[in-house]
Amino acid sequence: PEGRALAVTRAARILQENLRRDMGADAMASIATLDALNTAVRRAVDEATITDIHTHLFPPSHGDLLLWGVDELLTYHYLVAELFTVAPADLTYEAFWAMDKIAQADLVWKHLFLEASPLSEARRGVLTVLQRLGLDPADRDLGRIRRWFARQDEEAYLEKVFDLAGLDYAVMTNNPVKCNEVKHFDAGAPIPARLRTALRIDDVVLNFASCRPIIASQGCAAGDGTIEGAAAALRGWMGGWIDRIDPVYMAASLPCSWAYPVDDAATRMIDHVVCPLAVERGLPVALMIGVNRQVNPALGDAGDAVAPCDVNSIIRLVAAHPDVKFLVTTLSRVDQHALAVAGRKFRNLHLFGCWWFCNNPSIINEMTRQRLELLGTGVTVQHSDARVLDQLIYKWSHTRRIVADVLVDKYADAHHTGWRFTPAEIARDVRQIFGGAFEDFRAR
Ligand code: RAT
Ligand code: ZN
């Protein structure tokens with residue numbers, strides 16, 4: 001413990017020295033006025049390097065799996081759902097899915113941008129992307145925008161997007177039972193430093209029976225008996241994937257109906273396969289909980305909804321496995337307060353992100369305030385969930401602005417007590433909530 005304390009002190013000193021070098025001596029001077037504090041907070045948030053801990057992006061080497069460009073932006077499933085809130089009755093789901101991507105994007109542009117104003121978060125997001133890329137959205141010329149994207153080189157564009165978003169790296173979602181993903185790992189396709197892997201295991205946890213054939217085809221003799229019986233083989237198979245792709249964590253999205261512990265396959269899989277492996281490999285387990293899957297299957301990816309989940313099940317899980325690190329986010333707004341309180345009780349629980357339907361300005365604002373009030377900077381306030389590369393630009397620009405508004409208030413409240421902050425301290429805190437606390441949690 002003494003060695004660890006020394007290492008921590010040393011790390012803190014190096015951080016301070018780096019900040020002093022990067023920001024100059026002013027970084028260490030305490031800020032006297034509220035105006036200056038406001039400016040310093042906004043600057044720190046603007047300049048922070050962010051780690052995006054959950055996305056659905058892929059490397060360029062994974063071919064068609066990497067989505068980017070204006071037609072992918074316009075056909076993002078969030079916008080497909082919105083399209084059908086206003087589309088004429090004669091546009092059937094089947095007819096929409098039978099169209100090519102460009103025709104689908106044209107329809108979204110017409111109904112959600114030209115014939116109704118783009119006020120929703122997902123629509124505004126497209127416009128932010130265009131604006132930040134220097135493509136003035138005001139002329140409403142989709143043809144011109146398409147021609148601009150057609151001229152981009154994929155790899156250079158990926159770097160440009162990461163720079164505009166201000167990210168060091170983003171974590172992908174890599175599913176070992178999806179053949180169209182596995183084939184790229186089999187081929188040894190390179191992964192740029194901007195992207196890191198995560199081993200997505202929901203299919204195996206929730207639907208083991210249907211995964212057996214593909215797992216068997218990958219050389220895992222998981223038999224046809226119980227999960228307990230197959231546990232060692234399954235840990236071997238997942239461990240093999242961990243060796244292969246070196247994931248940042250294992251991850252699963254769980255339905256709102258998920259409960260723990262109960263007499264079901266998911267509990268057995270978690271207790272006998274996932275948690276022992278997490279301990280053995282020192283890997284966190286990320287859980288995203290609260291989806292109400294496929295309430296309208298005709299909408300495809302857009303057909304999922306949300307319902308409150310059982311936060312007590314999360315509490316029982318993290319209490320039952322104190323040596324497993326859990327990264328948790330929940331989908332329903334109403335679960336956020338109870339989850340943040342749970343985050344105060346367990347050092348093996350780290351909260352992250354305003355997930356999916358919570359990634360809207362009013363909810364990000366509320367959740368970020370609540371988390372800072374209950375957890376301080378020991379939280380990862382956001383992830384993007386980007387499915388289309390360009391979305392990194394808007395998701396992070398919108399989040400930065402909201403988080404800056406919240407932090408300005410929080411620093412001002414503390415300033416009023418007479419405590420004084422330095423720019424270096426503010427930069428340290430901002431980095432914590434945008435990835436530093438996540439790295440610390442992993443390293444702990
Ligand atoms: O945000 C999304 O795009 C969702 O469809 C899901 O992918 C969700 O984030 C998940 O990871 O299950
Ligand atoms: Zn996701």
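Me: Buried means under 20% relative accessible area, exposed over 50% and partly exposed in between, with a 1.4 Å probe and protein chains only. Why is D385 called buried?
Reply: D385 has 7% relative accessibility, so it counts as buried. H54, at 2%, counts as buried as well. Bear in mind that this is a predicted model, where local features need pLDDT of at least 70, side-chain atom pairs count only at pLDDT 80 or more, and totals for chains, interfaces and linings use all residues. Residues are numbered from 1 along each chain as written, chains are lettered from A and ligands numbered from 1 in the order written, and side-chain values use heavy atoms, without hydrogens and water.

Me: What makes H54, H56 and D385 donors of the zinc ion (ligand 2)?
Reply: Donors are N, O and S atoms within 2.8 Å of the metal (3.2 Å for Na, K and Ca); water is not among the atoms, so sites may look incomplete. H54 (NE2), H56 (NE2) and D385 (OD) lie 2.0 to 2.1 Å from the zinc ion, so they meet that cut-off. Their spacing along the chain is H-x1-H-x328-D.

Me: Why does the pair H54 and D385 tie together parts far along the chain, 331 residues apart in sequence?
Reply: H54 sits in the loop between β1 (50-52) and α3 (70-74), D385 in the loop between α17 (361-375) and α18 (391-415), so the pair links those parts. Helices (H or I, at least four residues) and strands (E, at least two) are DSSP runs, numbered from the N terminus.
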